[in-house]
Amino acid sequence: MASTPTAAHLRLVAVSMRRLATRIDDVRVGAARSLAGADTWLGPAAHECHDALWHHERMLTWHAERLMASARELEREADRLDLLSAAPTGVR
Amino acid sequence: MARDELLAFDPVRVGLLFRSLCRALDQLRAVPIDACTPDVAGQATLSVRRAIADIDTVWIPLVQRVLRADVSSPSRVVDDPVALAAITSDLRDIAHDPIRSRLALRTYASWPELAAQLAGERQMLVLSPDAEHVTVGEVDAALGSLGAVVGASLSAACSSTDALAALTDVSPYTAVAMLSSMRLDSFTLADTVAALVQRWLDEPHLLQVVGTHDDADPIDGLLALLVDDPIACTRFVADVSTRPEVLLVPGHDASLAQRVVLIGTDPAHIASSASGALVLPVIHAVTSSSEVDSAEWGNFLVDLVAPWTVQFSPHNDDWHVDASRRTALLAAVLGADGSADRLLHAGDRVLANLDDWIRREHPSMEDLAAYIGSLGLLISEDRMKDVQAKKSARDLLFGVISLAVSALPLTVGVGLAATAIVWVAHSIATPDVRAERGMVNRGEDTALAVTGASVALRITQAWQKTGKLSPDFPLPPKADPNADYPSLRFVNAFGKWRDTLPGGYYGALADRITREVYTVVNPAQTGEHLVILMHDTMRP
């Protein structure tokens, strides 16, 4: 069954989102964050660095998950469009 | 923009952090940030860009500066409440783990500088609290956290040498503040305190450094760390027993030193065999010092000896110290004005000491008599200032006699033995007076009544225990030391009670107890005493 042009576009975007999510997920800010604690250094600057890396780590994780969820949603929407296009006229 | 204030760092771990940040930066730059158009991807790439900018322009440069050791002094930190709270939190976190604490102190070689800065800040706060941004509580919390890290860094089997080494480079005030948080075991704490006290007294200039302009003297601060820990108190007194003068140095809180010694030498915390090595040097130091205020230390000395009067008695050898030396020290304590009255206030401790001795060693009749005699001399009524004190002296002595009688075995003829105790005691206590007067005095009459009553009670309780007498049979009468004629009153009451025994006046029980009690006090004596005492009363 041939995909409709719109559904095909949605799938391309979804693939792109998954790739982006995977690349973001591969970023190891957490490793740096775990090295930025009080075992390494002491002082306000050390605190700020640790907190900043913690913030970036959480934001990147959240965006990666959100991208994956959006990709799944786009793929479901593409599947639905394909089903609709394959159905006999009037069923819609 | 991050501030550069850093107190300390581990160069190896900072190097690892640098490499980790660079790797993260490379990974972030590898993210295809222009690939997607939807909003959700746009927001994600925005976060990636921000992370790149932050790590690239702020944190990697900071780490590079740290690796070049281009960081600021702690002095800028201790005046900043936020920074101070952060440091306190970090240190508290590290202190939970001994391994982390050891690593931290090895790495943070500049921690004594931080401690000194905190002590200096505290001094400034005391002098002008409104001019500073932080509070004493915040500084103390930081110092406490630092102390907790130092304490945690020491192994469970650490010695005071380790603790002292950790505190070598800090001021006395700082040492006290940190020591209170180091969670040392009792022995190590006591040894460390003893060593610091002696060091500071030997080198008084050490006390003239920052952080001491407070209401608390550092030496007092050290001693205050001990008072809630009886084991530490005992150990501390043992530590300074070769140099007890350190307890007497003027300018410090004498009552605090006294509390530590009294807790440390309390029979609840130390065996009688070991107590002499602690008690006697302290007495010698106090009584031989010309600088000691006797008003300040007199009562303390009496409180010190009160739980150990048995060990001072002539026949006791718990301390393996010559009797003449013990007697001389005790005489020096109880020779002071008011000392006998003070001892009477501690009468329960005297009796507890005797009770322990009796239970533990079952002393002989001669040992008991020697003890009672020496104690009787020390608290003789003649030394008491007022009527109440005289009564207290009698009560204590009679309590001692009752305890002694209760320790005698029935088989030896308890009445005879009790009498021997009283007479031997009196002969030790007042040989010349008795010989000269050749007559009874009121104290002796009362002593005989109390002893007779104790003998009657001892026999009755033994009978009740062995079933010869019902457990609910009334106990024999007690002596009344406040009666006009105590022995007469007792003998009369005893006779009435004895007639109610099973078998009556002519029964075996009545016969036995009468023989024992009358060995101590009998109607003929009471008549004699009555005449003498009445004669004394009527004499102008």
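## A walk through chains A and B

Of the 540 residues in chain B, 51% count as buried. Keep in mind as you go that this is a predicted model. Chain B is built from 26 helices and 1 strand. Its accessible surface comes to about 24500 Å², and carbon and sulfur atoms hold 55% of that. Now look at how chain B is wired: take the contacts with a separation of 6 or more, and 75% of them join residues 24 or more positions apart.

Chain A has 92 residues, and buried ones make up 45% of them. You'll find 3 helices and 1 strand here, and if you trace the chain from the N terminus on, the elements come in the order α-α-β-α. The accessible surface of chain A is about 5000 Å², with 56% of it belonging to carbon and sulfur atoms. Among the chain A contacts with a separation of 6 or more, residues 24 or more positions apart account for 79%.

Let's zoom in on one residue of chain A. A:Arg28 sits in the loop between α1 (5-26) and α2 (29-35). Is A:Arg28 buried, exposed or partly exposed? Its relative accessibility is 46%, so it counts as partly exposed, given that the exposed class only starts over 50%. Leave aside the neighbours within four places in sequence, and A:Arg28 is in contact with B:Ala24 and B:Gln27, so this is a spot where a heavy atom of chain A comes within 4.5 Å of chain B. Within chain A, you can also pair A:Arg28 with A:Leu60: they are 32 residues apart along the chain, and their C-alpha atoms are separated by 9.9 Å.

Next, hop over to chain B and helix α10, which covers residues 218-224. B:Ile219 is found in that helix. With a relative accessibility of 4%, B:Ile219 counts as buried, because the cut-off for that class is under 20%. For a sense of how the chain comes back on itself here, check B:Tyr173: B:Ile219 and B:Tyr173 are 46 residues apart along the chain, with 9.1 Å between their C-alpha atoms.

Time for some empty space. The second largest pocket holds about 320 Å³. Its lining has 16 residues, and the closest to the pocket centre are B:Ser402, B:Ala453, B:Ser454, B:Leu457 and B:Lys478. Which elements give two or more residues to this lining? They are α20 (387-406) and α23 (442-466), both in chain B. Of these, α23(B) supplies the largest share of the lining, 6 residues. As for chemistry, the lining residues split into 10 nonpolar, 4 polar and 2 charged.

Since we're already at helix α23 of chain B, have a look at B:Gln464, which lies in it. B:Gln464 counts as buried because its relative accessibility is 18%, and the limit is under 20%. Where does the side chain of B:Gln464 reach? It gets to the backbone oxygen of B:Ser470, at 3.3 Å. Not counting residues up to four places away in sequence, B:Gln464 touches B:Leu469, B:Ser470, B:Pro471, B:Phe473 and B:Leu475. B:Ser470 thus turns up both as a contact of B:Gln464 and as the residue whose backbone oxygen the B:Gln464 side chain reaches.

Key: Residues numbered from 1 in each chain as written. Chains lettered and ligands numbered in written order. Predicted model: local features only at pLDDT ≥ 70, side-chain atom pairs only at ≥ 80, totals over all residues. Heavy atoms only, no water. Helix = DSSP H or I, 4+ residues; strand = E, 2+ residues; numbered from the N terminus. Buried < 20%, exposed > 50% of the residue type's maximum accessible area, 1.4 Å probe, protein only. Areas by Shrake-Rupley, 256 points an atom, 1.4 Å probe, with all protein chains shown as cover. 1 Å grid on protein atoms, 1.4 Å probe; cavity = no way out; pocket = protein on both sides within 12 Å on 5 of 7 lines; lining within 4 Å. Points joined across faces, edges and corners; volume = space filled by probe spheres on them. Nonpolar A, V, L, I, M, F, W, Y, C, P; charged D, E, K, R; others polar. Polar contact = N/O pair within 3.5 Å; in protein donor to acceptor, adjacent residues only side chain to side chain.
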